[in-house]
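Visitor: I'm new to this structure and would like a close look at one part of it. Could you pick a spot, start there, and then walk me outward to whatever else is worth seeing?

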Amino acid sequence: MDSFIIKGQNKLQGTVKVSGAKNAILPIMIASLLTSGKSILTNVPSLNDLKNTAHLLRFLGAKVETELDQMAIDTVAVHHYVAPYELVNKMRASIYVLGPLLARFKYAEVALPGGCAIGTRPVDLHLMAMEKLGAKIKIEHGYISAECPDGLRGGIIEFPFITVGATANCLMAAVLAKGETLIKNTAQEPDIDSLIDCLILMGAKIEKINKNDLHVIGVDELKPFTMEMIPDRIEAGTLLLAAAITKSSITITNCEPNHLEALLIKMEQAGCRFEISSSLQGDIKQKKANQIKIHPAVSINPVDIVTEPYPGFPTDLQAQFLAYLCLARGKSHIKETIFPDRFMHVSELNRLGADIHVKDGMAIINGVSGFSGAEVMATDLRASATLVLAGLAAEGTTKISRIYHIDRGYEKIEQKLNNLGADIKRC
């Protein structure tokens, strides 16, 4: 099993390119099941979660080919409607195949999914949405069986709370349902906006009627698409925090600054400064900001954070920011409202010398003078990135085991950081 050996306290400098967004690419890959033909995705990183999704699509009958950062998905020969446990148990996003298979083939059988162990993440709202669209659902022997012999039909779906996964699944089912569908209290994440852009490119009729509600008019068929994937805001944020925690100045490119507003505000409160600019040439009016240079805080201010659905502070950056606040001069608080149990990284950070206490979904962080290298173990995707950040700032050597988690969502993270001046070896 691979591990990272990190020699800490190296300054970072230079420029690093942000990869495509895993959480946006996953549903778009699966949206290709809604049509028959070859779709092309560009700006696609090499990540284990995407490889696992490609394996699942191949099992269903699709052809998936990758070359550099381009992925081609041909769904002409899709003929299986069962997503088996051995493919689904590695990642929760596999539940996304439920909507497209139901919409296109009127039947789907999907194993209850796996993924990171960061607390309860039920699929109840996915199933509720499918039932509102006319599907009949049974759960037995660890599988979800769903059918709609006469096809899906439009309806009104109102989510009791904001959910990214169920919003995506419901959208992919509704675009081929007969009639009109109103989806209320939907997620606003850039990943959902990217999926909507993709579905419209395929020929779907989707309209935002206010910031949280979507109106969908079902169509008879959709067409293949070619689309560039949006940059990964979580990777971008992690790289900015890597610079901040090592008190370094770097520039990240191929990013979308607007997607990072909540993070940048909190980092500015901590004492960081940013230069946001464009790397594009030509008329200034046509330039779009796509790079950020960070100037780190000389002395880190304590900050209080509450994780919230987008555009609030993202839960996927909570752990990384927590590591940063361990070195603040004073007491900080982080309230986790999305996944209240998402604090398994705390005990490992405390092994490195942090002073963190968790109670009722709240982390109380007492700032310390520094981290001390030690052996630690990654427990999930974002926790593994957190331990890398702490290791970069720690005195001495840090060994992180079970780093297979980080390969799910960060493309060659050690190479990117080493190119900036870090000292990370994969063993």
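Guide: Let's start at a turn. Strands E20 and E21 form a hairpin with two residues between the strands, and there Asp360 takes a positive phi near 55°. Keep in mind as we go that this is a predicted model.

On either side of that turn, E20 (residues 355-359) and E21 pair in the antiparallel sense, with five bridges between them. To find one of these bridges, look at Asp355, whose partner in E21 is Asn366.

E21 also pairs with strand E19 (residues 331-335), again antiparallel and again over five bridges. Here you can pick out Lys335, which has Met362 of E21 as its bridge partner.

Now look at the two faces of E21 itself. In a regular strand, side chains alternate between one face of the sheet and the other. Strand E21 (residues 362-366) has Ala363 and Ile365 on its covered face, while Met362, Ile364 and Asn366 are on the uncovered one. So the two bridge partners we just met, Met362 and Asn366, both belong to the uncovered face.

From the hairpin, let's move on to some rings. The structure holds three aromatic pairs. One of them joins Phe313 and Phe321, edge-to-face, with 5.6 Å from centre to centre and 90° between the planes. Phe321 also pairs with Tyr324: those ring centres are 5.7 Å apart and the planes stand at 90°, so this pair is edge-to-face too. Together, ring pairs link Phe313, Phe321 and Tyr324 into a cluster. Phe321 and Tyr324 both sit in helix H10 (residues 318-325), three residues apart, or about one turn of the helix. How buried are these rings? Phe313 is buried at 5% relative accessible area, Phe321 is buried at 0%, and Tyr324 is buried with 0% as well.

Next, the cysteines. The count of disulfides comes to zero. Take Cys198: the nearest cysteine sulfur belongs to Cys170 and is 16 Å away, and Cys198 is in no disulfide. Cys198 is also buried, with a relative accessible area of 0%. For Cys272, the closest cysteine sulfur is in Cys326, but at 15 Å that is too far for a bond. Cys272 counts as buried too, at 3% relative accessibility.

There is also a pocket to visit, the second largest, with a volume of about 340 Å³. It is lined by 18 residues, and the closest to its centre are Ile230, Pro231, Glu256, His259 and Lys288. Helix H7 (residues 190-202) gives the most to this lining, with four residues. Sorted by class, the lining has seven nonpolar, six polar and five charged residues.

Last stop: another sheet. This one is open, has four strands in the order E6-E7-E9-E8, and its pairing is mixed. At its edges are strand E6 (82-83) and strand E8 (136-140), each of which pairs on one side only. E6 runs parallel to strand E7 (residues 107-111), and two bridges join them. If you want a bridge to look for there, Val82 has Glu109 of E7 as its partner.

Note on methods: Residues numbered from 1 in each chain as written. Predicted model: local features only at pLDDT ≥ 70, side-chain atom pairs only at ≥ 80, totals over all residues. Heavy atoms only, no water. 1 Å grid on protein atoms, 1.4 Å probe; cavity = no way out; pocket = protein on both sides within 12 Å on 5 of 7 lines; lining within 4 Å. Points joined across faces, edges and corners; volume = space filled by probe spheres on them. Nonpolar A, V, L, I, M, F, W, Y, C, P; charged D, E, K, R; others polar. Disulfide = S-S within 2.5 Å. Buried < 20%, exposed > 50% of the residue type's maximum accessible area, 1.4 Å probe, protein only. Pairing = 2+ DSSP bridges. Phe/Tyr/Trp six-rings, centres within 6.5 Å; stacked < 30°, edge-to-face > 60°.
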